[in-house]
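User: Please go through this model with me, one question at a time.

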Amino acid sequence: MHDSAEIGRVQASSAHTVGVVGGGQLGRMVAEAAAPLGVDVIVVDPTPGCPASRVAEQIEGGFDDRAAIEELTRRADAVTVEIELADPDALAAAAEAHDTPVHPDPETLRTIRDKLAQTRAFDEAGVPLPAYRAVDDPADLRAAVETFGEVMCKARTGGYDGRGNVPVSRDALERDEAFAERLAAVGAADGTGAVAEEFVDFERELSVIGVVGDDEVRTYPPTETIHEAEILRETLVPARTTRAVSERARSVARDVLSALDGRGVYGIELFETTDGEGLLNEVAPRPHNSGHWTIEGTVTSQFENHVRAVLGLPLGSTAPRGPTATANLLGGERLAELPASDDDGRVPVVGFETGVADDVSHDRGSNESGTDGVVLRGLDAVLAAGDAAFHWYGKREVYPLRKVGHVTVSREWKEKTGDTSESAGDSEVDTSAGGESERRGTPEAVLAAARTHTDRLQFDAES
Ligand code: AIR
């Protein structure tokens with residue numbers, strides 16, 4: 001028999017609290033993964049009822065709110081971030097005041113959140129990347145296009161989910177105002193600066209999720225990422241590439257990780273060039289959209305490994321379970337046609353249409369703005385199909401191209417490889433479509449299934 005003091009001591013030693021700056025979908029999925037480990041999560045986020053608040057405690061405050069970050073740091077055993085807007089100065093000051101570890105290191109956050117500083121740091125570390133130049137004004141952007149041809153212009157700070165990135169083609173050379181317009185489009189017309197990167201003629205885009213633990217580093221198998229208009233739409237594992245390219249991608253990722261300070265998960269986006277090289281695109285100092293597939297598709301998800309890493313616990317296996325595809329659910333362009341949209345295009349999400357009651361199931365909080373809302377239709381069909389995992393982020397408002405959820409389809413390998421090592425799935429890929437039983441699959445089949453499911457899901461005006 002344990003006496004109560006001993007039980008209390010045992011419980012206290014296993015219950016940690018992780019503080020997260022940001023409480024969007026990534027914070028929500030961190031908290032979902034933390035719970036089974038006995039780890040509580042507190043988030044700082046400015047939006048009342050932010051996505052993570054349904055599964056974690058929320059301190060309402062901005063990503064640079066010193067008082068909120070101070071409270072977070074005082075109450076947590078370790079602090080991390082889920083959005084690059086987190087202020088490194090506030091984190092460093094609070095960490096010092098309370099002797100609370102912050103992962104990644106605030107200096108690494110400072111470097112990564114500034115795209116120019118990030119690119120220079122990896123360039124100096126010898127990581128292969130596209131040619132680039134700093135852009136302070138329209139003349140710099142013109143010079144970049146004259147030197148490289150088409151470039152991707154990225155705001156130095158503040159961009160994510162497609163915002164802050166615009167391609168600039170040679171056509172811009174014909175109109176002088178074009179360069180100022182492009183800088184304004186990335187939000188860098190005010191002199192905050194941008195970086196222009198040579199447009200890479202890539203075979204495909206890959207991403208490697210890496211995790212740095214106390215004394216170990218692991219990488220997940222490379223994810224093939226499919227973007228449209230600078231926004232991630234779908235991911236696929238195994239990537240439809242060769243074992244050699246996969247190994248190369250993981251090796252570039254390890255070089256990236258060794259140039260960074262601090263534990264945790266990092267999302268490393270790469271271009272696979274036409275000659276099989278891996279060039280670094282950019283790094284996120286946090287779990288990444290291209291790693292959502294790891295929830296169903298691996299032994300230990302990126303979110304669980306992030307929690308383990310920031311607390312200094314042993315990491316879990318990054319081995320894949322089978323071919324896995326994820327498709328993002330975005331606010332659709334069709335929303336623009338809805339009469340309900342207010343000035344900035346935001347529309348309240350009222351709830352889901354469920355077949356059970358043949359009616360709309362209202363989300364908590366529902367429509368407070370008085371604007372007509374939208375409902376998500378088609379969920380019953382996705383759930384009934386039985387092969388999909390549906391993830392809803394709980395955002396109260398949707399606008400065109402906002403990430404509001406995702407669907408994952410994960411199956412067993414079509415052929416038994418018997419290979420459970422972390423490189424399993426890198427072997428030559430069978431791309432023949434479907435035809436097998438539901439449980440087994442090819443990359444093509446899981447991608448097609450994830451697409452079919454997301455096509456079924458649509459926002460529609462509340463009737
Ligand atoms: N996020 C952070 N950097 C990139 C992304 N996608 C996630 C984080 C953040 C949320 O997106 O979880 O809190 C913000 O999404 P939104 O739709 O509110 O802008």
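The questions below cover the fold, the cores, the ligand shell and one helix.

Analyst: This is a predicted model, in which local features need pLDDT of at least 70, side-chain atom pairs count only at pLDDT 80 or more, and totals for chains, interfaces and linings use all residues. Residues are numbered from 1 along each chain as its sequence is written.

User: How many helices and strands does the chain have?
Analyst: Helices (H or I, at least four residues) and strands (E, at least two) are DSSP runs, numbered from the N terminus. Counted in this way, the secondary structure comes to 13 helices and 24 strands.

User: What percentage of the 463 residues in the chain is buried?
Analyst: A residue is buried if 20 or more other C-beta atoms lie within 10 Å of its own, exposed if 12 or fewer, and partly exposed in between, with C-beta atoms placed from the backbone. The buried residues of the chain make up 49%.

User: Which residues of the largest nonpolar core touch the most other members?
Analyst: A nonpolar core is a set of buried Ala, Val, Leu, Ile, Met, Phe, Trp, Tyr and Cys residues joined through C-beta atoms within 7 Å. The largest has 94 residues, and those touching the most other members are Val-18, Val-30, Val-41, Leu-91, Val-256 and Val-307.

User: Which helix gives this core its largest share?
Analyst: The share is six residues, and they come from helix 2 (residues 25-34).

User: Which residues surround the ligand?
Analyst: A residue counts as near the ligand if its C-beta atom, placed from the backbone, lies within 6 Å of it. Helix 2 supplies the largest share of this shell, three residues. The surrounding residues are Gly-22, Gly-24, Gln-25, Leu-26, Gly-27, Glu-82, Ile-83, Tyr-160, Asp-161, Asn-289, Arg-402 and Lys-403.

User: From which domains does the shell draw at least three residues each?
Analyst: Domain bounds come from an automatic or database domain assignment. By these bounds, the domains are domain 1 (4-102) and domain 3 (201-463).

User: Why do the buried residues of helix 4 line one face of the helix?
Analyst: The buried residues of helix 4 (residues 88-98) are Pro-88, Ala-90, Leu-91, Ala-94 and Ala-95. They line one face because, seen down the axis of helix 4, they fall within an arc of 155°, taken from the directions from the helix axis to the C-beta atoms.

User: Against which elements do the buried residues of helix 4 pack?
Analyst: Glu-96 and Ala-97 are exposed on the other side of helix 4. Two residues are in contact if their C-beta atoms, placed from the backbone, lie within 7 Å. The buried residues pack against helix 3 (66-75), strand 4 (78-81) and helix 5 (106-113).
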